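Me: I have a structure open and a list of terms I do not fully trust. Can we go through why each term is used?

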Amino acid sequence: MSGQTLALHGGHAVRQAPFPEWPVWTDEEEQALLTVLRSGQWGSAGSGTGEVKSFEEEFAQFQGAKHAVAVCNGTMALAAALRAVGVGHGDEVIVPPYTFIATASSVLQVGAVPAFADVQSDTLLIDPEKVEQLITPRTKAVIGVHIGGAVCDMDALVEVCRRHGLHLIEDAAQAHGARWRDQGCGTIGDLGTFSFQSSKNVNAGEGGMVLCSTEELAEMTWSVANVGRIRGGGWYQHEIIGWNLRLTEWQAAILRVQLRRCPEQMERRERNATMLTESLQGVPGIRVLARDPRVTKHAWHIYAVWVDAPGGAKAVAEAMVAEGVPCGKGYVPLNRNRALCKEAAELSPDGSYEAAACPVAEAADNEILWFSQRMLLGEGQDVEDIAVALEKVMRGLSS
């Protein structure tokens with residue numbers, strides 16, 4: 001292995017065959033869309049019937065939730081959840097910096113300010129100890145993000161929020177089907193939000209869901225997502241200021257089919273992720289993320305590893321792509337995002353804002369390599385090729 005020339009430098013690539021494509025679809029999705037087309041009911045508009053209503057019920061059952069409200073995307077699911085628990089101007093919400101920008105921008109969207117709590121190096125999930133250190137009289141809520149499909153330490157986060165009287169929202173955009181102590185993610189905090197954007201493990205191009213722990217939160221979330229209306233009220237009866245966040249019947253029809261496939265795909269990803277972890281043991285410069293044993297089901301939206309190589313994750317990704325294995329580096333830490341910090345300063349009561357240093361997330365910017373969920377939907381040879389290519393690249397870049 002050590003004598004092989006990298007494909008990037010003119011050697012032979014490890015792999016020529018493509019990896020599984022995403023999205024996965026069949027004539028079931030086609031038939032579902034035709035059914036909506038012919039029904040004449042294309043929008044949900046709070047009708048209480050149709051594909052959206054059925055999908056809300058099926059997704060709630062899938063995650064083990066009491067209440068579900070479908071919305072137009074994962075970003076607005078977060079914003080609706082924040083509005084539902086009363087987060088607004090003058091409030092702070094504690095979030096991790098290693099996540100998609102929507103986790104923080106949704107906080108700004110409702111007029112509050114994000115405070116960044118660093119992540120744990122072994123999991124890349126929000127550190128509950130750092131959360132507690134950031135709590136101030138202005139803190140109203142905490143958003144725990146289940147990055148990559150691994151559930152963050154919900155035992156610790158629930159305890160911190162209970163002790164300080166804070167709302168807990170789960171950003172489960174990447175964690176469809178994941179479970180903590182056999183309880184579905186998104187059902188442990190006050191509310192849980194999901195995304196059905198193109199890359200997600202359940203996908204309709206766009207879409208979102210808010211799971212709610214109480215009927216009161218569900219009614220408030222529904223009202224926020226339906227321009228302030230109330231169920232059973234008049235069409236022009238707007239009791240609060242809300243937004244039009246409704247999911248369409250088209251999206252819900254596809255999502256119902258996608259959801260039925262999810263359990264089998266989860267099993268395949270779990271099997272392949274286990275094989276890949278075993279294959280990467282002992283590969284120089286590679287550190288696989290830890291899995292908390294309390295995560296009883298992992299969604300494996302992302303398989304991430306720390307890499308120690310010249311040029312960091314960017315150089316490794318470039319060499320891996322040349323070997324025929326798609327991958328990439330992960331998030332840029334949000335605590336260093338100038339647009340977020342600028343708007344946070346504008347929303348702060350004193351007009352100033354300084355995000356806390358988050359050394360783990362900042363190191364991850366350069367040292368974390370990602371493989372997307374579709375890479376784990378293939379066969380054993382696919383997993384072997386990933387491991388062989390990664391070992392070849394790590395040895396080649398370090399020689």
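Reply: The model is predicted, and the terms are taken one at a time below.

Me: Why are α9 and α12 called oblique to each other?
Reply: Helix α9 (residues 312-322) and helix α12 (residues 380-398) pack at an angle of about 125°. Angles over 145 count as roughly antiparallel, and 65 to 115 as roughly perpendicular. The value for α9 and α12, about 125°, falls in neither range, so the word is oblique. Their axes are 10 Å apart, and the crossing is right-handed.

Me: What makes α1 and α8 roughly antiparallel?
Reply: The axes of helix α1 (residues 27-39) and α8 cross at roughly 150°. The cut-off for roughly antiparallel is over 145 degrees, and therefore α1 and α8 are given that term. The two axes come within 9 Å. The crossing of α1 and α8 is right-handed.

Me: How do you know that β6 and β11 are paired?
Reply: Pairing needs at least two bridges between the strands. Strand β6 (residues 179-180) is joined to β11 by two bridges, so the condition is met. The two strands run antiparallel, and Trp180 stands opposite Val295 in β11.

Me: Why are β7 and β11 called edge strands?
Reply: The open sheet they belong to has three strands, in the order β7-β6-β11, with antiparallel pairing. β7 (183-184) and β11 (295-297) each have a single partner strand, so one side of each has no neighbour in the sheet.

Me: Which strands stand at the edges of the sheet with four strands, and why?
Reply: The order in that open sheet is β10-β12-β14-β13, and the pairing is antiparallel. β10 (286-288) and β13 (328-329) stand at the edges, because each has a single partner strand and is left without a neighbour on one side.

Me: What makes β10 and β12 a pair?
Reply: At least two bridges are required, and β10 and β12 have three, in the antiparallel sense. The condition is therefore met. Val288 stands opposite Val305 in β12.

Me: What is in the lining of the largest pocket, and how does it divide by class?
Reply: The lining has 30 residues, of which Phe100, Gln174, Gln197, Ser199 and Lys200 lie nearest the centre. The elements giving two or more residues to this lining are α3 (74-84), α4 (102-109), β8 (191-195) and β14 (368-372). By class, the lining holds eleven nonpolar, 15 polar and four charged residues. Phe counts as nonpolar and Lys as charged, so Phe100 and Lys200 are put in those classes. The volume of the largest pocket is about 470 Å³.

Me: Which element gives the most to the lining of the second largest pocket?
Reply: That is α8, with four residues. α8 (249-280) and β12 (302-307) are the elements that give two or more. The lining has 23 residues, and Leu289, Ala290, Arg291, His298 and Trp300 lie nearest the centre. By class there are 15 nonpolar, five polar and three charged residues. This pocket has a volume of about 300 Å³.

Me: What is the form of the peptide bond from Trp22 to Pro23?
Reply: The bond is cis, with omega near 10°. Pro23 is placed in the segment before α1.

Me: What is noted about the phi of Asp182?
Reply: Phi is near 70°, a positive value, and the residue is other than glycine. Asp182 is in the loop between β6 and β7.

Key
Residues are numbered from 1 along each chain as its sequence is written. This is a predicted model: local features need pLDDT of at least 70, side-chain atom pairs count only at pLDDT 80 or more; totals for chains, interfaces and linings use all residues. Side-chain values use heavy atoms; hydrogens and water are left out. On a 1 Å grid over the protein atoms alone, a cavity is a set of points where a 1.4 Å probe fits but cannot get out, and a pocket is an open set with protein on both sides within 12 Å along at least five of seven lines; lining residues have an atom within 4 Å of a point. Grid points are joined across faces, edges and corners, and a volume is the space filled by probe spheres set on the points. Axes are lines fitted to C-alpha atoms, for helices over the stretch in contact, and angles run from 0 to 180 degrees between N-to-C directions. Angles under 35 degrees count as roughly parallel, over 145 as roughly antiparallel, 65 to 115 as roughly perpendicular and the rest as oblique. A crossing is left-handed if the near helix is turned anticlockwise from the far one by less than a right angle, and right-handed if clockwise.
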